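The following note sets out numbered points for a colleague's consideration. Each point takes up one part of the structure.

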Amino acid sequence: MGIVIKMPALSPTMEEGTLAKWLVKEGDEVKSGDILAEIETDKATMEFEAVDEGKIGKIMIAEGTEGVKVGTVIAEMAGEGGEAAAPAPKAEAPAKTEAAPEAPRKAESGTSKLASEAKAVMADPDLPAGTEFVKTTVREALRDAMAEEMRRDARVFVMGEEVAEYQGAYKVTQGLLDEFGDKRVIDTPITEYGFAGIGTGAAMGGLRPVIEFMTFNFAMQAIDHIINSAAKTNYMSGGQMRCPIVFRGPNGAASRVGAQHSQNYGPWYASVPGLIVIAPYDAADAKGLLKAAIRSTDPVVFLENELLYGRSFDVPRVDDYVLPIGKARIMRPGKDVTLVSYSIGVGLALDAAETLAGEGIDAEVIDLRTLRPLDTATVLESLKKTNRLVVVEEGWPTCSIASEIAAVVMEQGFDDLDAPVLRVTNEDVPLPYAANLEKAALIDAARVVAAARKVCYK
Amino acid sequence: MAKPTTPRAASAKAKAAAPAAGADHNRPRPQTPADYKASKEELLEFYRQMVLIRRFEEKAGQLYGLGLIGGFCHLYIGQEAVAVGIQSALKPGKDSVITGYRDHGHMLAYGIDPNVIMAELTGRGAGISRGKGGSMHMFSVEHKFYGGHGIVGAQVSLGAGLGFAHKYNNDGGVCVAYFGDGAANQGQVYESFNMAELWKLPIIFVIENNQYAMGTSVNRASSEDQLYRRGESFRIPGLQVDGMDVLAVRGATEEALKWVQGGNGPILLEMKTYRYRGHSMSDPAKYRSREEVQAMRDKSDPIEGVKKYLIEAGVSEDDIKAIDQNIRKIVAEAADFAESSPEPELHELYTDVLVEQY
């Protein structure tokens, strides 16, 4: 039995082509690698090589023939003989999967959690009665989280610019070098792409890196490793290769640092399957969620906020304060309108709620805390009660977390809405430097109050 | 110094070049490596592995032509001596390897089952990435083969990270990070060189210089086209090696391992090699002449080279032919397996996005 030679597909999109020229004739002996013919695709003229050894038997398609469909038999070849000759290639298309389109196995899916029920996510741990609360800055809470996890797990190390000897550009890593030494607290050159890749590779190799970006603005140099290397590897490897890494640093507008140093990457990273994205507001969440992030087997983008670093909040004094990832927190219960926010916007929403309370509007404030997976259940549950919703986001409006919440609420909570969802976001411009312009570009509590009044028709 | 105006094709006689001119000669440098003295058994194994890669890749090209393999598919034909020579010097289970998207040959050289590689190429559930990675994205953590990366140059930083992990864990392992002459111009390569030398990471950077970055020849893209010198300004010594000769490759790898394991930090090997086929299956390769390719095949073919060594070592043509027959059978079986295995179950669409549940 001879081997049939078929019209090859020579590009991902080729369906037919022209058999431009035969470079062999019937009766020729060929060996693998010999060029048999030239074939014109829609893009180029390609050489077509023999794979098997043997003699060209019959040429079925003459040169110059146009529109030869991929898979058409163009020639027959007498094989080398014996069982070693390659079997005749099968003409059938890849076997069709007959399995019925069954429902995705949600238990194994990360993305399915995006639409998961509230009961699927863990609640915050109950604190024992009489737990003491300690006033702690967000900066200290983050440092404590890293230090505790480094004491607990020798695989955890911190790497970034000025994290060690300088004690952190924003002093978040203060004291870590003294306690853990330069093996585990590592200053890098100013090469974000490189050290993000080294961190990602170290995670693939079994370590638990915490990679600090001096700000997330500089992580744009490294975003390829965060997305292409860290986020996708588990999926692309069929679940073989883990990448337990935390990329952390300040995100969002700081103060008068201009357009290149002031933007919120929450929506960027939250759009990427395979990543966990966390953006805490207060010190307790910063601590509990950073500890959870370091323990997670998945890659985490942990977005802090420079303006919050110095603010103090109550942090419970418990041995191991770890919070669940993917669970929003009701910061203030209310019944008239739901204010959804995250990171620094939560403070503004709480301020606005105070003002609204004076006007007789009882606002519920939700801190999303995790941007991916998004706890939509908590938002929808609140909407059932208030029937009105405003999203507060220190970031641009287009393709934002606010847009996402609005879409989810429209799709899944439409019947609960008594008013359109409003978005309070920064102006849709690069952040200007001039003090008055910067102020005009950024959200504030007054705008949140105005939006809340509007959805309450007051 | 005048720059050559014509591409410098891999010369069979290139061998290991002397240290770069102008380098600081007060610094210790690796010795000029000697060709590896292989036993007859080792030569047979080199031959077997190289022929396996050649036949496997030819078959992959054929399956691509039949529409059974989709997307991009980058074949390793012509470069077999590089992966086989280097892998043969590594310690399985201890040393780690990472490469770019031209990865099938490396995986075969590491002893990974051809069936699961071919099944990944055809996008089947039995593929090594369960059909979700494809030609460019394959991994075997079990074999310490860390991919299989589709972004040009990314594997160099990631490899430095694997080297970092070896050092952090003090496990005595070395990472080998392979990249091409094209990737050698990427910025992150130099960021990684800098940190790797600064921290004395145990890593061998291997440039597989196959002369063309897709359609651009080395000297059209590289101001310093002697790529083994690319580490010098970071104090990483480089050796230029005839990548068409498996014994030269193995010899240079031995020297590189000695250097890295001696705590000297990274080393750079430039393997002068050549790919016979296009950059990917859809590349008509019009940027070079058919004669150039044919001359390489005729004069420098790495498999013919080993065959010559085998005959010198007294192996008979019949014995060689028996190996060929056996490899054809293995490859035919891999193709059968890859064609007959079912596609992934639909629910696999949603698995492995995240490891944990939140």
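1. Helix H8 of chain A, residues 344-358, is a suitable place to begin in this predicted model. Its 15 residues, at 1.5 Å a residue, should span 21 Å, and the end C-alpha atoms are 23 Å apart, so the expected and computed spans agree.

2. The burial of H8(A) deserves attention. Buried residues include A:Ile344, A:Gly345, A:Val346, A:Gly347, A:Leu348, A:Ala349 and A:Leu350, and A:Ala352, A:Ala353 and A:Leu356 are buried as well. An α-helix has 3.6 residues a turn, so residues three or four places apart point the same way.

3. Which elements do the buried residues of H8(A) pack against? The partners in chain A are four strands, E17 (329-332), E18 (337-341), E19 (363-367) and E21 (389-393), together with helix H12 (445-455). Just after H8(A), A:Gly360 adopts a positive phi of about 85°.

4. The contact between the chains involves 71 residues of chain A and 64 residues of chain B. On the side of chain A that touches chain B, the elements giving two or more residues are strand E5 (45-49) and helices H3 (192-204), H4 (223-231) and H5 (233-236). H3(A) gives the most, with 10 residues. By class, this side of chain A has 31 nonpolar, 31 polar and nine charged residues.

5. For chain B, an unreviewed UniProt entry lists residues 48-345 as "domain: Dehydrogenase E1 component". In the model, that span is 46% helix and 12% strand, and its end C-alpha atoms lie 35 Å apart.

6. Chain B contains an open sheet of six strands, paired in parallel and ordered E2-E1-E3-E4-E8-E7. The edges are strand E2 (145-148) and strand E7 (238-242) of chain B, each of which pairs on one side only. From one strand to the next, the twist averages 15°.

7. Within this sheet, strands E3 (residues 175-180) and E4 (residues 203-209) of chain B pair in the parallel sense over six bridges. B:Phe179 stands opposite B:Ile207 in E4(B). Helix H8 of chain B, residues 246-264, packs on the sheet and touches E4, E7 and strand E8 (267-272) of chain B. The direction of this helix makes about 170° with that of E8(B).

Key:
Residues numbered from 1 in each chain as written. Chains lettered and ligands numbered in written order. Predicted model: local features only at pLDDT ≥ 70, side-chain atom pairs only at ≥ 80, totals over all residues. Pairing = 2+ DSSP bridges. Axes fitted to C-alpha atoms, helices over the stretch in contact; angles between N-to-C directions. Contact = placed C-beta atoms within 7 Å. Expected span 1.5 Å × (residues − 1). Buried ≥ 20, exposed ≤ 12 C-beta atoms within 10 Å, placed from the backbone. Nonpolar A, V, L, I, M, F, W, Y, C, P; charged D, E, K, R; others polar. UniProt positions renumbered as here; feature names shortened; annotations may be inferred.
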